[in-house]
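User: Can you walk me through this one? I'd like the sheets, the helix packing and the confidence.

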Amino acid sequence: MGISLYRKYRPQNFASVVGQKSAVEVITNSIAKGRAGHAYLFSGSRGCGKTSIARIFAKALNCLEPEGFEPCGKCRNCEAITAGESLDVIEIDGASNNGVENIRGLKENVTLAPFSSKYKVYIIDEVHMLSQGAFNALLKTLEEPPEYVVFILATTEPHKVPVTIRSRCQHIPFHSITPDDIFSRLEYVCAQEAVEAEQEALWEIARQADGALRDALSLLEQVIASGEVTLQNVEAVFGAGSRPAFERWVKTLRENPEEAYTALKAMFDGGASGVRVFEEMFSLVRNLWLASKWKNIADSLGLSGNEKKFLLEEVRNWKTERLHTLLAVIMKLLTHARQGIRPDILLGMFMLYLEPVPEVKDSAAPAPVTSRSAVTRPAPAPVIAAATPDAGDDGLKAELLETAHGKDFALFCALLDSRPRTIEDRLILDMEHAYCFDFLKRRDEALTSMFSNYRAVFLQHGNEKYMCLKTSPKPSPAMTAPASKPIPTPEPTLPVFAESEPKPEPKASSRHELSPFDELKRKLTQFGARPEILYVKNLEPQEDSGNDDTEITEGENES
């Protein structure tokens, strides 16, 4: 049986370590100056070289013929450590040896002198898995071990290691390995193994490794076992959804959305998970968005030559705002994908979010304009003619954002979603998302106060419209008591959008039949920010009632 590639090409000296320059410099400088510490904590993501560097460190400390700070790799101590047969280098799996009794056994053996080396080195992997009792038992030994003992603790989750342990160690953080470094290492391994490989295939493996060189070598070995190292075979091993496939998809989305739907469905049918699809999609759209904002950023994104060429050519066809919206949609669906929603539902949701909301035509009958203020009966209102966006909308939006930024940051964030325009001295905010539309409805008083230079402020989302009104004065205590006659209240005039045909006057309704005004009253009470007292005149007098024809209704809502 052959040796796995990640074991065969595990680095045996500091010079062959990939992507951990800062960590290697700290260790080699301490060895060269003879100032090696008694305890170290190596932390970093999986497959970034923590255990490999710990073994190289142990060899450098015990090498019989060192070459500066590098171990020779040929003496008996180096060969024994490489083969895992040295009695003076003890590796402990913290996940399976996490009890107090295991640490007590370690404390008993610590006092024994090394068998054939200068130092006895304890490497405890996944140290964060030790129990609290085991950590407590390790404290004193870790703080004052014998002068010939060195502890090297390795973990992927340093925040789970108690502070009392971390304070007794030199903490050396390890970083995820960049795709460039992984790609170079994969090229070297393919050359050593006499395997021909396409560069795009190696780049795809480097991206899928997610900063772990060990994972990259395991994936490469899997692709080699399936046949030639080509992009097609890589997609067959990982499932559909490579970076070149998403590049073609982005171009298709811009030119033909129908074909884009089919191509995305084919990725799901090919076995790609929803999480992987939207992660790759987000990465590509993010690069496009960054390139649309900063022209010279492509060199720092870790891209291959073909990817950089595609990015610079495709970004010319996209607007920054459109890419920003697409990123927001992908982020929302990525959360749903991680919750385990079925791929076909995710696909339908994605295409639904991408579908633009149709504009309201002049001849279409608009939805009723609602307000949080309590009213009795709407009076005839002046009509505002429908308008079309003009070239000054971008400047208007910038002006509104500048006004809101220094006063109310929450309103500023919501206004980012708007497409503003003006009709005479009225401000129209066309909202793209329902959430921002509802948020501004709840903050209409602050909105009208902030933009008081406009006669009125209207909100619109699809076919739904809303007119922002200032909060009406609170009702006096006398108004809350029943009265024999209705208390007159002012009837504010609500401007509405233009209609092709005038609406008929509401007909009288019976006591038990819900009239349009009753529905309006319920809506107003629901959206009210405080208790509202609404008075409704009963249009049909009751025969068996001794009271007059006035009915008082009280509605209350807590916002």
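User: Which strands form the open sheet with mixed pairing, and in what order?
Analyst: This is a predicted model. In it, four strands make up that open sheet, ordered β7-β8-β9-β10.

User: Which are the edge strands?
Analyst: β7 (418-423) and β10 (464-468). Each of these pairs on one side only.

User: What does the twist average there?
Analyst: From one strand to the next, 20 degrees.

User: How do β9 and β10 run, parallel or antiparallel?
Analyst: Antiparallel. Strand β9 covers residues 456-461, and five bridges join β9 to β10.

User: Which residue in β10 is the bridge partner of Gln460?
Analyst: Lys465.

User: Which strands does helix α20 lie across?
Analyst: Helix α20 (residues 434-442) lies across β8 (426-431), β9 and β10. The helix runs at about 150 degrees to β9.

User: Now the other sheet. What is the strand order in the five-strand one?
Analyst: β2-β3-β4-β1-β5, again as an open sheet. Here the pairing is parallel. The edge strands are β2 (89-93) and β5 (170-173), each paired on one side only.

User: By how many degrees are neighbouring strands turned there, on average?
Analyst: By 20 degrees, direction ignored.

User: How many bridges pair β3 with β4?
Analyst: Five, in the parallel sense. Strand β3 spans residues 120-125, and β4 spans residues 149-155. As one pair, Ile124 has Leu153 in β4 as its bridge partner.

User: Which strands does helix α5 touch?
Analyst: β2, β3 and β4. Helix α5 (residues 100-110) packs on that sheet, and its direction makes about 165 degrees with that of β3.

User: Switching to helices. At what angle do α12 and α13 pack?
Analyst: About 155 degrees, with the axes 6 Å apart. Helix α12 is residues 243-255 and helix α13 is residues 257-269.

User: Why call them roughly antiparallel?
Analyst: Angles over 145 degrees count as roughly antiparallel, and α12 and α13 pack at about 155 degrees. They are therefore roughly antiparallel to each other.

User: Which residues meet in that contact?
Analyst: From α12, Ala245, Phe246, Trp249, Thr252, Leu253 and Glu255. From α13, Pro257, Glu259, Ala260, Ala263, Leu264 and Met267. By class, that contact holds nine nonpolar, one polar and two charged residues.

User: Tell me about Thr252. What is it in contact with, leaving aside neighbours within four places in sequence?
Analyst: Pro257, Glu259 and Ala260. Thr252 itself sits in helix α12.

User: And where does the backbone oxygen of Arg248 lie relative to the Thr252 side chain?
Analyst: That oxygen is 2.8 Å from a polar atom of the Thr252 side chain.

User: Last topic. What pLDDT does the protein average?
Analyst: 77. Of the residues, 76% score at least 70.

User: Where does pLDDT stay under 50?
Analyst: One stretch is residues 357-392. Another is residues 471-517.

User: How many contacts beyond four places in sequence does the model have for them?
Analyst: For residues 357-392, 86. For residues 471-517, 77.

Methods. Residues are numbered from 1 along each chain as its sequence is written. This is a predicted model: local features need pLDDT of at least 70, side-chain atom pairs count only at pLDDT 80 or more; totals for chains, interfaces and linings use all residues. Side-chain values use heavy atoms; hydrogens and water are left out. Two strands pair if DSSP finds at least two bridges between them. Helices (H or I, at least four residues) and strands (E, at least two) are DSSP runs, numbered from the N terminus. Axes are lines fitted to C-alpha atoms, for helices over the stretch in contact, and angles run from 0 to 180 degrees between N-to-C directions. Contact means heavy atoms within 4.5 Å. Angles under 35 degrees count as roughly parallel, over 145 as roughly antiparallel, 65 to 115 as roughly perpendicular and the rest as oblique. Ala, Val, Leu, Ile, Met, Phe, Trp, Tyr, Cys and Pro count as nonpolar, Asp, Glu, Lys and Arg as charged, and the others, Gly among them, as polar. A polar contact is a pair of N or O atoms within 3.5 Å; within protein, one must be able to donate a hydrogen and the other to accept it, and residues adjacent in sequence count only if both atoms are side-chain atoms. pLDDT is the predictor's confidence in each residue, from 0 to 100.
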